[in-house]
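I opened this entry to record what I looked up in the structure, beginning with one residue and then moving outward to the whole chain.

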Amino acid sequence: MTVHFKQDEPDNSNRLDRMKQGVLGKPLPRIEGLAKVTGTAPYAAEYPIENCTEGVLVTATITRGEVTSIDHESVLTMPGVIAVVDNEKLCTRAAQGTANEAPMQGPKQVCYWGQPIALVVAETFEQARDAAKHLKVDYREEEGAPIDPGAVEPEEQEDETVHQGDLAHAMADAAHSVDVTYTTRGHASAAMEPHAAIAQWDGDKLTVYAALQMLNYNITELADALDMEEENIRLISRFVGGGFGSKLGISEEVVAAALAAKQIGRPVRVVQSRQQVFQTVMRRSETTQRLRLAADENGKLTGFGHEALVSNLPGEDFAEPVLQSSHFLYDGENRELMLKVARIHRMTAGSVRAPGEAVGMPALEGAMDVLAEKAGLDPVELRLRNIPEKDPEEDLPFSSHKLAECLKQGAEAFGWDKGPRKPRQRREGEWWIGTGMASAARVHNIAEAKARVTLKADGTALVETDMTDIGTGTYTILAQIVGEMLGLDPERVLVELGDTRHPRGPGSGGSWGAASIGSAVYVACKAIREELAAKTGTSEEELELREGEAGTGEALTDLLEGEDLAREGHYEPGDIEDDYTASGFGAFFAEVRVNHYTGETRVDRMLGAFGFGRVLNAKTARSQCIGGITWSIGVALTEALEFDPRDGHLVNCDLAEYHVPVHRDVPDLEVVLVEERDGAASPIQAKGIGELGMCGGAAAIANAIYNACGARIYDYPMTPDRVLEAMPE
Ligand code: MOS
């Protein structure tokens with residue numbers, strides 16, 4: 001039985017706070033943790049499939065043009081080689097890992113260097129890899145494909161444009177103004193688990209084990225790519241080794257494995273190499289951002305301008321949503337916002353770790369630091385003075401808003417020295433020491449979700465949904481929600497995820513996972529509680545459940561009388577989405593050391609204070625924040641994709657050359673979880689967490705670099721060469 005719930009009104013009843021089990025929000029360790037650390041949790045490539053063959057993708061070595069021929073004979077006599085698959089379906093846009101509805105390409109059109117064009121299948125991986133290297137491919141190359149975003153006339157994204165009042169006038173009249181241009185470089189998702197798939201056919205039924213974030217959507221993509229019915233496909237992603245956006249959409253290994261398995265009549269496994277993951281899956285666009293801030297003598301913003309240039313392939317829908325939280329973060333009645341996309345032939349740009357704010361906020365928050373200095377204000381105070389009462393563009397109230405609390409609690413916990421600041425005040429030997437801060441903001445997203453909860457006759461419970469856990473803690477928080485609602489120790493709740501045989505979840509993306517699927521599970525549990533309440537002669541509101549017993553003394557197992565009780569919860573975001581602006585907020589504080597002679601920056605201390613609604617598990621929530629802050633360090637100091645200026649191919653395509661922060665780069669990070677319930681964000685009063693932790697953090701580090709050594713830098717990452725160049729004499 002399905003119970004449908006659409007949220008049209010805020011729910012501020014705080015019901016989950018009054019349940020009796022007392023397990024929600026507790027820092028429970030991950031229920032799948034042991035399986036992961038002992039290597040028994042199967043990832044996509046690890047399922048033992050009998051008679052399985054190995055496929056290796058062959059990728060294009062031109063930037064734009066057409067594949068004119070692929071010489072199968074050139075490899076078919078090599079040891080172990082079974083087949084070459086160059087079915088035109090493999091080359092469709094639907095198979096290019098983009099999480100949007102981009103148009104299909106013609107067969108074998110190449111639009112970036114590194115685009116998959118064929119698959120070689122052999123008995124062993126080494127044989128397939130060797131043959132893939134030897135496959136003869138002929139191309140007709142089109143010269144002069146643009147690969148530099150600065151070299152083309154960009155397209156304006158009109159739905160992002162805001163013209164409100166007269167910014168130029170506000171700038172001219174301002175007591176203090178800032179007009180600066182920041183750049184950020186491309187980023188890679190850099191998930192630990194490479195993209196992988198095993199495909200197996202049984203007649204016209206296809207099963208694919210894959211590394212995916214959004215099975216509910218991926219099954220539709222795969223059905224489209226293969227021209228099949230969804231009912232004939234089963235996707236399985238029980239464990240995913242990180243996605244960070246790169247697994248939101250299917251990529252070619254999934255389609256290729258399915259096509260190849262059909263062609264040869266045996267199962268096929270395709271694992272992308274680390275280099276392929278870097279070069280073919282997707283990139284975060286580089287950005288150029290102009291920030292204009294106009295303020296009166298008290299530092300109150302009168303004008304706000306944010307214009308950004310990003311890039312993508314021709315025809316792609318996705319444009320790095322740089323301005324996402326700039327639309328509502330600060331006051332300023334005169335506003336000018338604009339997003340432009342340069343169409344270039346580098347690999348597809350897509351969602352990478354907090355698309356938009358991850359790069360937009362570091363630019364905005366850097367500019368705010370410049371303004372604080374000009375206005376002679378403490379940077380925390382400047383932000384406190386500019387928190388809007390309501391959304392400054394949409395005339396909507398905020399669902400809830402904890403920026404001020406995060407700024408205050410964060411400053412307190414960090415030991416922030418209040419007041420106007422001067423750079424170059426502390427030096428220890430070769431090192432300049434300084435502190436910096438920045439606000440955090442990330443829009444709250446929520447999506448339709450379905451989950452089935454079964455309260456079993458034996459007093460245990462089962463949750464089934466095709467929702468994924470990409471390392472975020474989904475398994476654990478769902479067990480906690482069920483435990484809380486049905487009065488069970490979470491150990492008595494079995495959670496089954498990542499299988500399209502189960503009801504469709506929202507997938508993991510845009511930090512919407514926990515609030516969305518959590519709400520579906522909540523809706524299902526509520527319906528089960530109604531049944532149980534009826535059996536005990538009370539109401540659902542009055543029903544108390546704890547440790548397998550109702551407050552009236554009956555054991556759940558007795559109430560069930562040998563029958564399972566199952567309900568499917570179907571949560572759908574309602575009109576409420578149009579009534580409020582919903583966002584997570586936070587504040588970052590960093591202390592850095594900058595070497596006077598080498599320009600090296602070390603982060604010595606960093607703290608984030610965040611408000612994102614109800615905390616479902618204090619440990620997994622904190623871990624999400626720590627991960628986010630770690631990525632902030634990457635954005636600030638190390639991460640940058642490097643493209644060959646001749647053909648646009650990605651040069652630094654491994655974890656040695658593309659620098660994500662490692663243990664030595666990351667100090668002990670402190671996280672303050674600011675208490676909040678957001679009844680308009682979701683029925684469980686929770687908002688998104690995962691991405692918030694990196695939305696602005698890089699600016700806290702940049703501002704600390706300036707405070708330490710006086711180097712004001714407008715280009716991320718702030719590598720030693722850039723620091724040295726900007727360091728005052
Ligand atoms: Mo996220 S970058 O929407 O997985």
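**Entry 1: R353.** I looked up the accessibility of R353 in this predicted model. R353 has a relative accessible area of 4%, so I entered it as buried, the limit being under 20%. I then located R353 in the loop that runs between strand 17 (334–343) and helix 8 (357–375). I also read its backbone: phi is positive, about 25°, although R353 is not a glycine. I noted this value because most residues other than glycine have a negative phi.

**Entry 2: N51.** I checked a second non-glycine residue with a positive phi, N51, and found a value near 65°. N51 belongs to the loop between helix 1 (33–37) and strand 2 (53–59). Is N51 buried or exposed, or does it fall in between? Its relative accessibility is 47%, so N51 counts as partly exposed.

**Entry 3: E639.** I turned to E639, since R353 is listed among its contacts. E639 sits in the loop between helix 15 and strand 28 (669–673). Its relative accessible area is 0%, and E639 is therefore buried. Setting aside neighbours within four places in sequence, I found E639 in contact with R185, G186, H187 and A188, with R353, with W631 and G634, with Y658, H659, V660 and P661, and with P717. I also took the C-alpha to C-alpha distance from E639 to Y716, which is 8.5 Å across a sequence separation of 77 residues.

**Entry 4: Y716 and P717.** Which kind of peptide bond joins Y716 and P717? I found a cis bond, with omega at about -5°. I recorded it because most peptide bonds are trans. P717 lies in the loop between helix 16 (697–709) and helix 17 (720–726), and P717 is also one of the contacts of E639.

**Entry 5: Q624.** I looked next at Q624, which is placed in helix 15 (residues 618–638). With a relative accessibility of 18%, Q624 counts as buried, because the limit is under 20%. Leaving out neighbours within four places in sequence, its contacts are G471, T472, I689 and G690.

**Entry 6: Domains.** I consulted the domain assignment, which gives domain 1 as 2–41 + 446–572 and domain 2 as 383–443 + 582–726. The contact takes 33 residues from domain 1 and 23 residues from domain 2. Taken over C-alpha atoms, the centres of domain 1 and domain 2 are 34 Å apart.

**Entry 7: The whole chain.** I counted secondary structure last and entered 17 helices and 28 strands. Why do I regard the radius of gyration as agreeing with a compact globule? A compact globule of 729 residues would have a radius near 27 Å, and the chain has 26 Å, which agrees. Along the principal axes, I read a C-alpha span of about 75 × 75 × 50 Å. Buried residues make up 62% of the 729 residues. Of the contacts with a separation of 6 or more, 82% are between residues 24 or more positions apart.

**Entry 8: Surface and charge.** I noted an exposed area of about 26,700 Å² for the chain, of which carbon and sulfur atoms supply 46%. For charge, I recorded 70 positive and 117 negative side chains. The centres of these two sets lie 4 Å apart.

Terms used:
Residues are numbered from 1 along each chain as its sequence is written. This is a predicted model: local features need pLDDT of at least 70, side-chain atom pairs count only at pLDDT 80 or more; totals for chains, interfaces and linings use all residues. Side-chain values use heavy atoms; hydrogens and water are left out. Helices (H or I, at least four residues) and strands (E, at least two) are DSSP runs, numbered from the N terminus. The radius of gyration is taken over C-alpha atoms; the globule rule is 2.2 Å times the number of residues to the power 0.38. Buried means under 20% relative accessible area, exposed over 50%, partly exposed in between (1.4 Å probe, protein chains only). Contact means heavy atoms within 4.5 Å. Accessible areas come from the Shrake-Rupley method with a 1.4 Å probe; for residues, only the protein chains shown count as cover. Lys and Arg count as positive and Asp and Glu as negative; His and the chain ends are not counted. The place of a charge is taken as NZ of Lys, CZ of Arg, CG of Asp or CD of Glu. Domain bounds come from an automatic or database domain assignment.
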